[in-house]
Amino acid sequence: QELKDVRDGQRILEKKGSAALKDLRRQLQLERRRGERLQERLQELLVPSRARSGQGEPQNLGWGEPPNRVGGALTFGGG
């Protein structure tokens, strides 16, 4: 009986872990999509300002340092 209880407990923990992992993967996907939408929106805001100013570099929007491209991703600050 005790062995069965231990196995049942392990099964429950595995199911909880699996559900948590599934939820984290879902959250990660949602955050990636959110980041992509924000990046697209930022580009929409930056591209017209570049065309008006005649400069090829992104404009400093008063948030500290201008955005940089690192590995294909838009980053802010030192990275």
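The exercises below cover the fold, confidence, surface and salt bridges of one predicted model.

Residues are numbered from 1 along each chain as its sequence is written, and side-chain values use heavy atoms, with hydrogens and water left out. Because the model is predicted, local features need pLDDT of at least 70 and side-chain atom pairs count only at pLDDT 80 or more, while totals for chains, interfaces and linings use all residues.

**Exercise 1. Describe the secondary structure of the protein chain and the confidence in it.**

Step 1. Helices (H or I, at least four residues) and strands (E, at least two) are DSSP runs, numbered from the N terminus. The protein chain has 1 helix and 2 strands, and their order along the sequence is α-β-β.

Step 2. Confidence is given as pLDDT, the predictor's score for each residue, from 0 to 100. The protein chain has an average of 79, and 61% of the residues reach at least 70.

Step 3. Helix H1 has the highest confidence, at 91, whereas strand E1 (residues 68–70) has the lowest, at a mean of 56.

**Exercise 2. State what share of the protein chain is buried, and describe its surface and contacts.**

Step 1. Buried means under 20% relative accessible area, exposed over 50%, and partly exposed in between (1.4 Å probe, protein chains only). Of the 79 residues in the protein chain, 8% are buried.

Step 2. Accessible areas come from the Shrake-Rupley method with a 1.4 Å probe; for residues, only the protein chains shown count as cover. The protein chain has an accessible surface of about 6800 Å², and carbon and sulfur atoms hold 53% of that.

Step 3. A contact means heavy atoms within 4.5 Å. Among contacts in the protein chain with a separation of 6 or more, 23% join residues 24 or more positions apart.

**Exercise 3. Find how many salt bridges the structure holds, and place Asp8 among them.**

Step 1. A salt bridge is a side-chain nitrogen of Lys or Arg within 4 Å of a carboxyl oxygen of Asp or Glu. The structure holds 5.

Step 2. Asp8 pairs with Arg11 in one of them, with the closest N and O atoms 3.2 Å apart. About one helical turn separates Asp8 and Arg11, because they are 3 residues apart in helix H1 (residues 2–53).

Step 3. Asp8 is partly exposed at 24% relative accessibility, as is Arg11 at 46%.

Step 4. A network of salt bridges links Lys4, Asp8 and Arg11.

**Exercise 4. Which residue forms a salt bridge with Asp23, and which with Glu31?**

Step 1. Asp23 bridges to Arg26, with the closest N and O atoms 2.8 Å apart. These two residues, Asp23 and Arg26, are 3 residues apart in helix H1, so about one helical turn separates them.

Step 2. Asp23 has a relative accessible area of 30% and is therefore partly exposed; Arg26, with 46%, is also partly exposed.

Step 3. Glu31 meets Arg34 in a salt bridge of 3.6 Å, N to O. Both lie in helix H1, 3 residues apart, about one turn of the helix.

Step 4. Arg34 is partly exposed at 44% relative accessibility, and Glu31 is partly exposed at 46%.
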